[in-house]
Amino acid sequence: MKLLKTVTGLVLRRRITTYQSRWVKPDGLFKVHPLVSQALAENKPVVALESTIITHGMPYPHNLSTAKEVEAIVRNEGATPATVGVIEGQVRVGLTSEELDHLAQSRTSVKVSRRDLPYVLSKRLSGGTTVSATMIAAHRAGIPVFVTGGIGGVHRDGEDTLDISADLTELGRTPIAVVSAGVKSILDIGRTLEFLETQGVCVATYGTSKNFPAFFSPQSGFSSPFHVRDPEEAAQLIAGALSLGLSSGLLLAVPIPEEQAAAGRQIQEAVEAAVTEARTKGVTGKDVTPFVLQMVNDLTKGASLRANIALIQNNARVGSRIACALSTQLGEGRLEERHQRGEHSAGSESNVVVIGGINVDFIAKGKTETLRFGETNPGSLFQTFGGVGRNLADSLSRLGLRPLLISATGADPSSDAVFKRCKHMDMSGVARLQQQSTATYCSIIAESGEMILGLGDMDIHQQITEEYVSQFEQQLSSASLVCLDGNIPVSTINYVCSIAAKHNLNVWFEPTDSDKARKPFLSDAWKALSYTSPNLAELRAMNETLGFQTPEVLPSSPDEVLALAVVLARPLLEHIHCLIVTLGANGLLVCGEHDGGSVNLHPRNQKRPRKLCALHYPALTVLPEETANVSGAGDSLAGALIAGVLQQRDADSCVRMGLLAARQSLVSPHPIALTLNLDSVDPSNVHPQQWAKPRFMWMD
């Protein structure tokens, strides 16, 4: 059995490698996004997504928000999203944020199926790809898993009209696994399944039943030939199909989630009424689907749109887990193959280590200008996941890095929820402790977005001890950067700083409040820090701890704030390579070594006399009514700035990446926005006129 598994893995990998290498050279009609290419090259999971749902499936802005939410779900599950579309005559596998915006708002986008591709490309048009066109592009790029809402099928009366979706014939000739909610009930489901059988398409329901779903209904009255219980079984099915070299694809039908089933029944009744109305009015051919969908949306007062979005999101979760399971199985096969050849791996070590806290966050936002203490105030309450260490690791993970997070949680339901949410992160350094509670934090913010009060139960952070962290000394001593969260014990900070001094490591210290900002400065440990990112109050606390004179009251005038920040940063730069002083609405002050009209952010190899300067960057505008959460903006800024530094970007790009990430965090209910990715923080996607010129200030 072991030998069979190895042989099967070898055959499958050769087929996938061949199938990818045929299309390595890009051409003028086909382009794969660099992040997708990188993931494929590293055999990481990738999920293809179609774009007709953006151009023709939903009204703006629901289409755009849904597309970005689905991509975020794929990333959260540990896979790379690859939305397919056509932009000015070029098939794109992996759309940028700007390209998604373009398709979502365009009124001239074409609906692109296999039939339409030659014409659309020759005329340099833009459009959304249907299931069939997306399958072609995904197969060409080498992506084996594709997620959609529902596929097309044989239309009712199809035996007379021969109105059969190209999705079905594409499934018969393109080896892609399509994850969908079955087919829409407006179609002839029985004949659709018969046609798929004729095309040689393997059909399986995902779950414990063989009931074939009909989009809004978990049961269509028909059965799939097979079913797979979980992602691992689904991945085995896909691997088997690909290893055989079959030219046909397979369909994995995912029933509507249980919590949506009631709404699904209501929608199904509306569908039947809309189909009857279409027949009465003589609506035929390609006009049937848009007519029915519009009427269903009207009849259900928008419930069908909400259910549609929920279905697509559920399919994205399931499809991403299947893609990850498939990637894992292929990875295990590669390890087995290496073992057969007598090769051994020392294991891959994380290049970045983050040590800090994990929290379950509760964000309470008032709905009135002022909050009355001692009374019940109208507002909204939202649960998410935070903690400075977790936020930094989350941000870095979304921006192309793979940091090792060293932290501690309880062995409780809150911890289960954290690990489920953080599947895209390396959590192997997180201790789950019995008889301990996972840290919780509650932030109360006014309607304006200003934080009124924060409450935290964070005793477990003290369990991130020197003794526990020392188990990871090998990873620490070889890391390109170690990030420390001010919540961890002083002894742990001192230990890491001693390792940094011994091995000449770069350490980033992220203070969390004025008291915790003092921790490294209680001894000479601070001299081993390379970077720190305090706000003005935290910077003052650092100076006070070192015995320097500081003002009792912080200024409010922007010019006075900047002047004080420069004065307080200067003594720390005797040992710290670079300070990033966050000034809220007054922007950001980057302090360090002068380098060609900017500040040198890149890690230094040795200490030397330096000419010091500071650059002030104004904040990006976020309206008060847009502000949803203020707890993660600083962590988002630091994470994106760190990612830019480690990716060898210039200082200006690094800072602007941080500012863009902070803005995303402020308008998201989550501390780290689920939509955060390299494309969303790419400064080149922002019009140059939106960037204010930084102000240059000398220190020496």
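These legends go with close-up views of a predicted model.

**View 1. Where domain 1 meets domain 3.**
Let's start with the layout: the domain assignment splits the protein chain into domain 1 (25-143), domain 2 (149-338) and domain 3 (352-698). The C-alpha centres of domain 1 and domain 3 are 34 Å apart, and their contact draws on 10 residues from domain 1 and 11 residues from domain 3. About 960 Å² is buried between these two domains, with carbon and sulfur atoms giving 50% of that area. On the domain 1 side, Leu35, Arg75 and Asn76 together supply 51% of the area buried against domain 3, more than any other three residues.

**View 2. Polar and charged links across the same interface.**
Here you can look for 3 residue pairs in polar contact between domain 1 and domain 3. Helices α4 (62-76) and α5 (97-105) are the elements that each give two or more residues to the domain 1 side, and α4 makes the largest contribution, with 4 residues. That side is made up of 2 nonpolar, 4 polar and 4 charged residues. The interface also holds 1 salt bridge. Glutamate 77 pairs with lysine 423 in a salt bridge whose closest N and O atoms are 3.8 Å apart. Glu77 and Lys423 also belong to a salt-bridge network that includes Arg321.

**View 3. A salt bridge within helix α4.**
Glutamate 71 and arginine 75 sit 4 residues apart in helix α4, about one turn of the helix. Their salt bridge has its closest N and O atoms 3.4 Å apart. Are these two residues buried or exposed? Glutamate 71 is buried, at 5% relative accessibility, and arginine 75 is buried too, at 16%.

**View 4. A salt bridge between residues far apart in sequence.**
Arginine 695 and aspartate 559 form a salt bridge, and their closest N and O atoms are 3.6 Å apart. Arginine 695 belongs to strand β26 (residues 695-698) and aspartate 559 to helix α22 (residues 558-572), so this pair ties together parts 136 residues apart in sequence. Arginine 695 is partly exposed, with a relative accessible area of 42%, whereas aspartate 559 is exposed at 52%.

**View 5. Threonine 438 and its surroundings.**
Threonine 438 is found in the loop between β16 (426-433) and β17 (439-445). With 3% relative accessibility, threonine 438 counts as buried. Its side chain makes a polar contact of 2.7 Å with the side chain of aspartate 412. Beyond its neighbours within four places in sequence, threonine 438 touches residues including Val360, Thr409, Gly410 and Ser414.

Key. Residues numbered from 1 in each chain as written. Predicted model: local features only at pLDDT ≥ 70, side-chain atom pairs only at ≥ 80, totals over all residues. Heavy atoms only, no water. Domains from an automatic or database assignment. Contact = heavy atoms within 4.5 Å. Buried area = accessible area lost by both parts, 1.4 Å probe. Salt bridge = Lys/Arg side-chain N within 4 Å of Asp/Glu carboxyl O. Polar contact = N/O pair within 3.5 Å; in protein donor to acceptor, adjacent residues only side chain to side chain. Nonpolar A, V, L, I, M, F, W, Y, C, P; charged D, E, K, R; others polar. Buried < 20%, exposed > 50% of the residue type's maximum accessible area, 1.4 Å probe, protein only.
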